[in-house]
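This report examines a single protein model through its side-chain contacts and strand pairing. Please consult the sequence and the three-dimensional view below while reading.

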Amino acid sequence: MEEAKEKRITIYVEGIQESYPAGVTFREIAAAHQKDFPYSIVLVNENGRLRELAKSPRNGGQVRFVTLQDKAGCETYRRSLVLLMLKSMYYVVGDNRNIDCVSVHFSVGDSYYCTMQGRAALTEEFLSAVREYMEKLVREAVPIRKKTIATWEACEKFHEYRMYDKEELFRYRRSSKVNIYNLENFEDYYYGYMLPDASYLTCFDLRLFEDGFLLCFPSQMEPGRLSDNLPQMESDESDKAGKPEKKPLAAVSVETPSRCASTDILPEGRGCHPARADCACDLRNAACLADVPEEARCTVPQDEVRAAHIPYHKIWKTQKDSIEWGASLGIPTVGALNTYIVNHRVKDLIMIQEAYHEKKIAEMAAQIAASPEKRVILIAGPSSSGKTTFSHRLSTQLSVHGLKPHPIEADNYFVDRERTPIDADGKPNYECLEAIDVEKLNEDMLALLKGECVELPTFNFKTGRREYKGNTTRLGAQDILIIEGIHCLNDQLTWRLDADHKVKIYISALTQLNIDEHNRIPTTDGRLLRRMVRDARMRGTDARGTIAMWPSVRRGESSYIFPFQESADYIFNSTLIYELAVLKQYAEPLLFSIRPEEPEYEEAKRLLKFLDYFLPIPSDAIPNNSLIREFIGGGCFEK
């Protein structure tokens with residue numbers, strides 16, 4: 001009798017038709033193609049949807065590989081690394097009752113800042129033992145298994161594990177099912193996809209940092225080695241003289257039979273430049289910097305800038321303060337926020353948050369007013385940080401002290417369009433410093449500071465020209481300039497102005513909430529949602545367009561803003577603890593408009609899943625000078 005014919009399926013891998021036995025996994029398919037990719041394949045995109053490698057393809061499916069150099073692949077690596085770390089920490093402790101909680105708080109460069117509470121001592125010896133056990137699990141390629149359980153069962157399970165943040169989170173879950181992951185009998189929940197086993201996690205480190213520790217990992221650009229973009233403890237840098245140097249734990253690079261470490265957030269991003277050509281600009285058109293002296297220019301090659309150590313003390317302290325403030329309200333996580341919404345008057349929470357912001361701005365204004373030599377305030381921050389509203393509110397508080405603020409937009413000093421530098425793709429680069437007429441800006445600001453009358457330009461974005469319409473300004477004794485622009489923290493922008501006259505302020509939305517103790521909320525997600533809502537309301541850009549341009553926006557921030565954030569005299573965190581629950585009702589309809597066949601669908605689906613964690617808060621109780629009004633509308637500062 002003739003043997004039954006093997007059932008086979010046909011799929012299209014990177015556009016090429018291939019045939020495989022039915023039931024083959026994506027991991028087996030990836031193994032056949034790994035030689036064509038410099039970095040590990042960790043997920044696949046099948047018909048526009050991300051799939052884990054343990055899954056099997058559908059007949060006729062279109063398959064594209066996702067590696068560690070892709071955003072989704074990089075996040076999957078880091079998420080799985082957290083699970084590996086937690087399993088190892090609980091193993092080393094032995095008795096789980098010795099650990100009350102391990103919390104993953106926020107990114108610091110290419111690492112996560114974490115803390116551990118309980119009777120177990122956080123020492124270098126403890127972290128070394130944890131790291132050794134992590135290496136063991138990597139060498140043994142211990143599988144990461146996923147299973148689906150009922151939501152009520154997940155609540156009971158995480159209560160038993162004393163992971164109370166997760167128990168509280170799932171109380172408000174609409175879905176009746178939950179996916180949990182198991183690594184050597186350690187179970188946890190993760191927001192996102194995971195690796196199939198520990199053997200992929202070949203590069204990591206654990207280092208003591210301030211009152212906690214860092215989980216260090218590769219950057220997205222260079223997944224094969226531990227990133228140089230890591231912070232050092234402030235005490236280590238300021239107290240080195242006369243003290244023995246503390247040696248950090250060596251970085252781990254584990255070789256496994258299946259793969260080896262070959263030649264991976266910012267706060268918000270990382271403090272280093274992305275891979276790009278030197279400035280990615282055609283400087284033949286950048287005559288505006290011709291008169292800037294060499295010592296005022298950046299002459300460091302871009303690859304050296306990327307590798308340079310960038311401190312994170314101010315950003316870290318700002319984020320730590322925000323987390324502690326949220327914890328003091330009893331709202332460290334999304335589940336706690338939902339409980340507050342259910343059991344308290346939301347209006348009270350809104351007023352508390354707005355009062356906290358106003359207190360911070362008032363304190364800043366008082367300190368600036370107490371220094372009469374400060375005549376120029378420079379404000380910079382990444383996209384959708386709320387710079388415009390912040391500038392208005394700071395101006396109001398400065399006026400309380402008898403000062404008269406004069407706002408100046410650096411964008412009004414753009415060079416004429418034909419002189420705009422060209423990027424590597426042949427497109428105008430409006431974000432690089434050379435797109436600004438630096439010499440003219442400095443000339444006008446110096447004249448104003450001398451008490452001269454100056455006619456200020458307005459840039460016409462339709463014609464691509466600066467225009468003069470009789471907008472003249474003269475500064476009096478109590479007048480102060482407020483200059484806003486993405487390069488305002490870069491001394492090259494105002495190189496002719498005396499440093500003693502300048503105050504630098506960095507503003508960003510540094511989210512203090514996390515989903516739970518092990519699932520952090522990237523600060524970029526909050527800013528992306530802010531921008532999406534504002535773009536749809538004010539600029540006629542749909543959610544698909546905002547998502548499509550976001551990587552370019554992020555590259556500009558990494559190049560021109562984040563490297564200078566620690567030079568700020570003040571850092572203002574513009575996040576509101578309740579804002580994601582407000583943005584939810586505005587963002588969800590925009591995200592649902594993106595169709596499955598469109599390339600932005602996967603990101604839209606991820607954001608919709610994220611917003612599903614939140615109970616909504618209506619916007620009617622939000623005051624009209626709130627920072628969130630800049631995005632949802634109804635603000636008193638709108639023109």
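The sections below treat charged pairs, an unpaired arginine, strand pairing, cysteines and aromatic rings in this predicted model.

## Salt bridges across the chain

The structure holds 52 salt bridges. One of them joins Asp 197 to Arg 27, with 2.5 Å between the closest N and O atoms. This pair links distant parts of the chain: Asp 197 belongs to the loop between strand S10 (186-188) and strand S11 (203-209), while Arg 27 belongs to helix H1 (residues 26-33), 170 residues apart. The two partners fall into separate accessibility classes. Asp 197 is buried, at a relative accessible area of 5%, whereas Arg 27, at 30%, is partly exposed.

A further salt bridge is formed by the side chains of Arg 606 and Asp 525, at 2.9 Å from N to O. Because Arg 606 lies in helix H16 (residues 601-611) and Asp 525 in helix H13 (residues 523-539), the pair ties together parts that are 81 residues apart in sequence. Here each partner is buried: Arg 606 has a relative accessibility of 18%, and Asp 525 has a relative accessible area of 3%.

## A bridge within one helix, and a network

Glu 557 and Arg 554 also meet through their side chains in a salt bridge, at 3.0 Å from N to O. Both residues lie in helix H14 (residues 543-560), where they are three residues apart, about one turn of the helix. Both are buried. Elsewhere, salt bridges with shared partners join Lys 71, Glu 75, Asp 525, Glu 603 and Arg 606 into one network.

## A buried arginine without a salt bridge

What is the nearest side chain of opposite charge to Arg 520? The residue is Glu 75, at 7.2 Å, and Arg 520 is buried yet has no salt bridge. The cut-off for such a bridge is 4 Å between a side-chain nitrogen of Lys or Arg and a carboxyl oxygen of Asp or Glu. Arg 520 lies in the loop between strand S21 (502-508) and H13. The side chain of Arg 520 does make a polar contact, at 3.5 Å, with the side chain of Ser 107.

## Strand S1 and its neighbours

Strand S1 (residues 8-13) presents two faces: Ile 9, Ile 11 and Val 13 make up the covered face, and Arg 8, Thr 10 and Tyr 12 the uncovered one. S1 pairs with strand S2 (residues 16-21) in the antiparallel sense over six bridges. The two strands form a hairpin with two residues between them, and Glu 14 in the turn has a positive phi of about 50°.

S1 also pairs with strand S5 (residues 62-67), in the parallel sense and over two bridges. Tyr 12 takes part in both pairings: the bridge partner of Tyr 12 in S2 is Gln 17, and in S5 the partner is Gln 62.

## Cysteines

How many disulfides does a search of the whole structure find? The search finds zero. For Cys 114, the closest cysteine sulfur is that of Cys 216, and the distance of 9.2 Å is too far for a bond. Cys 114 counts as buried, at 0% relative accessibility. Cys 74 is likewise buried, with a relative accessible area of 8%.

## Aromatic pairs

The structure holds 20 aromatic pairs. In one of them, the ring centres of Tyr 90 and Phe 186 are 5.4 Å apart and the planes stand at 35°, so the pair is tilted. The pair links distant parts of the chain, with Tyr 90 in helix H2 (residues 71-93) and Phe 186 in strand S10, 96 residues apart. Both Tyr 90 and Phe 186 are buried.

Tyr 91 and Tyr 133 form a stacked aromatic pair, with 3.8 Å from centre to centre and 10° between the planes. Again distant parts of the chain are linked: Tyr 91 is in helix H2 and Tyr 133 in helix H3 (residues 124-139), 42 residues apart. Tyr 91 is partly exposed, at a relative accessible area of 48%, whereas Tyr 133, at 8%, is buried. Ring pairs also link Phe 106, Tyr 113, Phe 209 and Trp 316 into a cluster.

Technical notes:
Residues are numbered from 1 along each chain as its sequence is written. This is a predicted model: local features need pLDDT of at least 70, side-chain atom pairs count only at pLDDT 80 or more; totals for chains, interfaces and linings use all residues. Side-chain values use heavy atoms; hydrogens and water are left out. Helices (H or I, at least four residues) and strands (E, at least two) are DSSP runs, numbered from the N terminus. Buried means under 20% relative accessible area, exposed over 50%, partly exposed in between (1.4 Å probe, protein chains only). Lys and Arg count as positive and Asp and Glu as negative; His and the chain ends are not counted. A polar contact is a pair of N or O atoms within 3.5 Å; within protein, one must be able to donate a hydrogen and the other to accept it, and residues adjacent in sequence count only if both atoms are side-chain atoms. Two strands pair if DSSP finds at least two bridges between them. A disulfide is a pair of cysteine sulfur atoms within 2.5 Å. Rings of Phe, Tyr and Trp (its six-membered ring) pair if their centres lie within 6.5 Å; planes under 30 degrees apart count as stacked, over 60 as edge-to-face and the rest as tilted.
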